[in-house]
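User: Could you walk me through a few backbone features of this structure? Please start with anything unusual about the loops, then move on to a sheet.

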Amino acid sequence: MQTKPSISSSTAPAQTAIEVEVNGEKHALTVEPRLLLAHMLRERLGLTGTHIGCDTSSCGACTVLLEGKSVKSCTVLAVQADGRAVTTIEGIGTSRSLHPMQEAFWAEHGLQCGYCTTGMIMASLDLIARNPDPSDEQIREGLGGNICRCTGYHNIVRAVKAAAKAVKK
Amino acid sequence: MAFTTMVGARIRRREDPRLITGRASYTDDFKTIGTLYASFVRSPYGHAKIRAIDTSGAKDHPGVIAVYVGTDLADAGVKGLPCAHKLPELNVPPHPALAIGEVRYVGEPVAVVIADDPYVARDAAELVEIAYDEQPVVVDPLQALEGKTLVHEAFGTNIAFRLPIAAGDTDAAFKSADVVIKQRFINQRLAPVPIETRAVLAQWNPGEEGLTITTSTQIPHLLRTQLAVALGMPENHIRVIAPEVGGGFGAKLNVYAEEIACGWIAMQLGRPVKFTETRSECFTAMIHGRDQVDDVEVAVKNDGTILGLRLRVVANLGAYFQLLTPVIPTLTLLMAPGCYAIKNISTECIGVFTNTMSTDAYRGAGRPEATYLIERTLDLIARKLNLDPVEVRRRNFIKADSFPHTTAMGLTYDSGNYEATMDQALKAADYPGLRKAQAEARKAGRLLGIGLSTYVEVCGMGPSAAMPAAGWDSATVRVEPTGAVTVLTGISPHGQGEETTFAQIVADELGVPIEQIIIVHGDTDRVQYGVGTFGSRGTAVGGAALKLALDVIREKAMKIAAHQWEASPDDVEYRDGKIMVKGDPSKAMTTAEAGFLAFMGDKLPPGLEPGLDATRRFEPPNFVYPFGTHICVVEIDPQTGSTKIVRYLATDDCGKVINPMIVAGQVHGGLAQGIAQALFEEVVYDEDGQLLTGTLLDYAVPRAEHLLNFELDHTVTPTDVNPLGVKGVGEAGTIGSTPAVVNAVIDALAPFGITHLDMPLKPEKVWTAIQQAGGL
């Protein structure tokens with residue numbers, strides 16, 4: 001016979017004031033220190049384009065840009081974004097004015113259910129910022145932190161390649 | 001503007017703009033005022049009796065609204081999880097939404113904590129104290145078969161069912177054989193891993209006594225029916241919404257404990273209740289796939305002709321039944337003969353309980369296992385008789401002139417031409433050239449392998465008589481007064497792109513601009529009853545229903561037009577997207593114009609009802625049987641045992657293609673999942689029933705770097721099973737690829753005398769086999 005040990009929990013979690021710029025808009029928030037950036041974006045700011053797919057920062061569905069660099073927002077605390085700029089999928093384009101990377105994912109059928117796609121697009125933006133002319137192999141390696149279960153990556157690789165070309169023009 | 005045909009064209013998906021901009025809404029994206037959050041307390045043991053549950057600590061935690069255990073639901077009359085099955089003799093274990101008295105797998109829900117904040121719900125779930133008495137555990141299906149440790153004591157056995165199917169005279173076939181080959185194939189357990197885990201938002205509207213369940217499901221209507229039964233409510237008081245669904249792969253073709261529990265709790269508390277599964281929970285408590293031990297014995301003539309086949313499938317069903325658990329392995333029996341004319345066959349499927357999560361439908365569901373065992377067997381025959389695997393297939397194929405072909409298992413394959421498709425694939429791959437390159441590589445000490453699989457699969461799930469639940473589907477087409485067209489479909493796509501393919505069909509059939517067509521799905525209050533999306537039935541069944549409804553619309557529109565022109569309806573035709581008088585191009589009317597007249601109502605032929613809409617249901621007369629040939633080339637690094645796929649070519653035949661871009665995408669995704677089963681994916685429980693692959697750090701799903709650019713090709717063999725002539729392609733890639741990859745790896749290892757290794761062919765396993773065979 002075993003009994004699960006009881007874990008005491010603090011009753012009133014501490015709150016911290018932070019200031020974050022998200023997609024060019026400044027937000028002043030009071031958050032629990034343990035609040036994840038992904039949850040802050042989704043639950044507090046209503047930016048639900050950032051998705052959560054795992055609890056081990058393995059899948060990349062929650063990828064956003066922090067000061068222009070891709071991070072998995074489920075592994076970043078909201079307080080770590082204090083004083084910094086975050087870009088989410090909502091910040092790069094709308095359906096009437098797509099970013100070239102979004103356009104390429106559309107044209108190349110680089111998505112199916114779409115759940116991983118927003119993270120995949122954000123990771124790809126960082127990838128082509130670092131390497132404007134990536135080979136197939138470099139794209140595959142560069143997207144190693146993002147999992148897609150629908151596409152087999154074939155069309156994602158083509159999309160990133162096409163987007164890299166389009167951005168260079 | 002000339003009328004362009006949409007069907008067959010590579011049309012960009014209409015669902016994509018919302019998905020690529022993050023504006024689409026999945027279940028977890030919904031939140032209403034007062035939403036509460038559920039956190040489930042789950043069994044840490046593979047098997048244990050529950051002695052006591054103390055929820056007081058959790059209840060006292062600030063922010064906690066309620067805590068429920070299994071008896072709370074049972075006492076309120078909530079029923080357990082349903083299983084749809086048609087097996088005559090089956091041990092069906094009770095399966096309460098929350099365990100009562102005993103837990104039988106790690107991750108089984110025992111209690112649920114409801115709090116006003118998701119973090120608080122998880123904190124408080126830690127405070128539920130449960131006293132367990134550990135019980136002996138069995139996780140291996142062959143050990144379970146022996147029955148020394150029982151999962152359900154009441155049955156006195158771990159065997160849920162035995163299903164034998166036989167035809168011909170197998171004993172005589174084996175007596176007359178030149179060669180008999182025996183092999184055991186392990187088809188390992190897999191996790192479906194949709195990137196969106198399950199999520200449920202249950203809302204109770206007391207004013208209407210209505211319960212709305214927004215959930216990541218593939219089967220909104222079937223789920224509504226089952227929730228009505230479980231909760232004891234009239235079905236029309238329940239609304240199930242499947243908004244954007246982030247992948248299903250069969251796993252969301254189900255009724256889950258959390259859906260029942262959240263629905264009931266929302267009614268108790270009168271507040272919205274949300275559950276969002278963590279990835280770890282997704283590994284323990286979402287259904288798993290495969291998990292069979294298949295013993296095959298084949299009787300063969302020296303020229304490679306198969307005389308007879310014996311097969312025993314031991315299927316690990318897990319601890320309980322989910323919706324289709326016992327049905328899935330029976331499909332393995334039915335499809336075991338594959339593309340081959342095997343007359344004498346003796347099979348048995350034994351379903352066994354173990355202390356693991358239930359197995360159920362996962363991409364291909366029973367057919368990948370069948371294809372794997374027969375395609376590996378064909379290669380064993382080739383090896384044994386020193387024949388080319390291509391030749392062995394050629395000698396055993398069902399011939400092109402014998403379709404429709406009724407197999408020994410009693411299925412009637414609608415149409416096929418296996419040899420022609422194989423020849424096309426061999427040509428595209430330059431098979432003789434590949435073999436030559438292999439011979440040269442071997443001389444140089446390189447381990448190059450070429451693997452082939454030729455498959456036939458069963459999809460387009462229907463007819464109803466052959467299904468655990470119904471097999472038909474529905475479509476309503478509504479031409480609005482302005483000429484816009486609204487389609488309501490019972491199909492519930494989750495990535496397969498039917499919003500586009502269905503719109504393509506409508507655009508062609510009615511001549512309506514594609515921008516004016518909307519496809520509505522996934523909401524039981526908006527859409528009439530339908531069965532949902534699984535088993536490649538979306539277009540083959542739901543699309544066929546749509547075609548029938550469009551036929552009705554067009555016929556009525558032509559009657560309206562004929563009346564305007566004072567012409568006989570027989571003199572009116574539909575051509576180039578318009579209704580016209582035969583031989584008189586000056587008299588032309590669009591569907592929109594006919595629709596407007598239909599709604600104005602005053603210029604209609606006598607007796608014709610106003611409005612222009614139609615609902616039709618399509619009951620398929622048979623399944624459809626897509627087929628194909630896959631060729632895989634691998635190279636193994638002898639120093640590490642790691643396998644690199646050098647080329648992968650798939651030639652598939654799914655009948656008529658509506659959108660080649662979407663079909664290719666379906667194949668790509670299927671290939672990834674099938675290749676991953678061959679090389680690295682596996683769910684592992686230890687002997688205590690602990691799940692060792694409980695996160696994405698331990699469970700190896702393929703990443704971009706593990707795969708390559710695929711080469712696709714296709715043939716088109718029409719079917720007359722449905723009015724669109726389409727088959728289905730969702731599972732084809734998975735089904736064809738697993739044996740092609742394993743055959744390639746074993747072919748590469750042939751110089752070592754290795755004839756078989758069980759999946760997954762991880763580097764360590766391959767390296768060890770090479771070492772044991774004398775090494776390099």
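User: Sure, this is a predicted model, but let's dig in. Is Phe249(B) buried or exposed?

Analyst: Phe249(B) sits in the loop between strand 11 (238–241) and helix 8 (257–269) of chain B. Its relative accessible area is 12%. Buried means under 20%, so Phe249(B) counts as buried.

User: What is phi of Phe249(B)?

Analyst: Phe249(B) is a residue other than glycine, yet its phi is positive. The value is near 55 degrees.

User: And Val193(B), buried or exposed?

Analyst: You'll find Val193(B) in the loop between strand 8 (179–190) and strand 9 (199–205) of chain B. Val193(B) also has a positive phi, about 50 degrees, although it is not a glycine. With a relative accessible area of 2% against a cut-off of under 20%, Val193(B) is buried.

User: Which residue is joined to Met759(B) by a cis peptide bond?

Analyst: Look in the loop between helix 19 (732–748) and helix 20 (763–772) of chain B, where the proline in question is found. Omega for this bond is about -5 degrees. The partner of Met759(B) is Pro760(B).

User: What is omega for the peptide bond from Phe403(B) to Pro404(B)?

Analyst: Pro404(B) belongs to the loop between helix 12 (389–396) and strand 16 (405–406) of chain B. The bond leading into Pro404(B) from Phe403(B) is cis. Its omega is near -5 degrees.

User: On to the sheet. Which strands of the open sheet in chain B stand at the edges?

Analyst: Four strands of chain B make up this open sheet, with mixed pairing and the order 21-20-19-25. An edge strand here has a single partner strand, so one of its sides is left without a neighbour in the sheet. That applies to strand 21 (517–520) and strand 25 (613–618).

User: How many degrees does the twist average from one strand to the next?

Analyst: We're still on the sheet with the order 21-20-19-25 in chain B. Going from one strand to the next, the twist averages 15 degrees.

User: Which residue is the bridge partner of Asp473(B) in strand 25 of chain B?

Analyst: Strand 19 of chain B covers residues 473–479 and pairs with strand 25 of chain B. The two run in the antiparallel sense, over six bridges. In strand 25, the partner of Asp473(B) is Phe618(B).

User: Which helix lies across strand 19, strand 20 and strand 21 of chain B?

Analyst: Strand 20 spans 485–489, and the helix we want spans residues 498–510. The helix runs at about 135 degrees to strand 21 of chain B. That's helix 15 of chain B.

Notes. Residues are numbered from 1 along each chain as its sequence is written. Chains are lettered from A and ligands numbered from 1 in the order in which they are written. This is a predicted model: local features need pLDDT of at least 70, side-chain atom pairs count only at pLDDT 80 or more; totals for chains, interfaces and linings use all residues. Side-chain values use heavy atoms; hydrogens and water are left out. Two strands pair if DSSP finds at least two bridges between them. Axes are lines fitted to C-alpha atoms, for helices over the stretch in contact, and angles run from 0 to 180 degrees between N-to-C directions. Contact means heavy atoms within 4.5 Å. Buried means under 20% relative accessible area, exposed over 50%, partly exposed in between (1.4 Å probe, protein chains only).
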